[in-house]
Amino acid sequence: RESSLDQAWWWARDRFATFTLTPTTPESAISTVTGAIGAPTCGPRPVSITIEADTGVTETTVIANPGQQSPFELALPTPTTAPITLMIDSQGTGCAEGEPNPSGGQEKRYAQIFHLSTK
């Protein structure tokens, strides 16, 4: 996770990134996941976003652009109180623009994930 002033985000450091979203209380059912996707500086790319829960699967694809946030909203067929898996599939190759890694190269970035939220 990275941040700058009042904004936080995550970089997908591989083509596939997975998040587990867990309701804060057993009474707090999740029906929708929202957020935004950006691309690294090496160019735009399609990014598939999927949520999977015990009540079903929903998927969408957005075009992520460098320096911009492409919003998404995914609704489950039925709300759930069980954890939800959010999967990000960033098509294309990663961009070597991250922090230096121990082997002397730079880490790769595939997609930037902003403003994850559940309703």
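A salt bridge here is a side-chain nitrogen of Lys or Arg within 4 Å of a carboxyl oxygen of Asp or Glu, and by this rule the count comes to two. The legends below describe a predicted model, in which local features need pLDDT of at least 70, side-chain atom pairs count only at pLDDT 80 or more, and totals for chains, interfaces and linings use all residues. Residues are numbered from 1 along each chain as its sequence is written, and side-chain values use heavy atoms, leaving out hydrogens and water.

**View A. Strand E8 and its two partners.**
Let's start with strand E8, residues 84-90. Strands (E, at least two residues) are DSSP runs, numbered from the N terminus. Five of the seven residues of E8 are buried, so the strand is largely enclosed by the rest of the structure; buried means under 20% relative accessible area, exposed over 50%, and partly exposed in between (1.4 Å probe, protein chains only). Two strands pair if DSSP finds at least two bridges between them. Strand E3 (residues 16-21) runs antiparallel to E8 and is joined to it by six bridges, and Ala17 has Ile88 of E8 as its bridge partner. Strand E5 (residues 45-53) is also antiparallel to E8, again with six bridges; here Ser48 is matched with Asp89 of E8.

**View B. The salt bridge between Arg15 and Asp89.**
Asp89 turns up again here, its side chain meeting that of Arg15 in a salt bridge at 2.7 Å, N to O. The pair links distant parts of the chain, with Arg15 in the loop between E2 and E3 and Asp89 in strand E8, 74 residues apart. Asp89 counts as buried at 18% relative accessibility, whereas Arg15, at 32%, counts as partly exposed.

**View C. The salt bridge between Arg13 and Glu107.**
In this pair, the closest N and O atoms of Glu107 and Arg13 are 2.2 Å apart. Glu107 lies in strand E10 (residues 106-109) and Arg13 in the loop between strand E2 (7-12) and E3, so the salt bridge ties together parts that are 94 residues apart in sequence. Arg13 is partly exposed, with a relative accessible area of 39%.

**View D. The disulfide between Cys42 and Cys95.**
A disulfide is a pair of cysteine sulfur atoms within 2.5 Å, and by this rule the count comes to one. The sulfur atoms of Cys42 and Cys95 are 1.5 Å apart. Cys42 lies in the loop between strand E4 (30-38) and E5 and Cys95 in strand E9 (residues 95-100), so the disulfide ties together parts that are 53 residues apart in sequence. The torsion about the S-S bond is about -50°, so the disulfide is left-handed. Cys95 is buried, with a relative accessible area of 5%, while Cys42 is partly exposed at 47%.

Key: Helix = DSSP H or I, 4+ residues; strand = E, 2+ residues; numbered from the N terminus.
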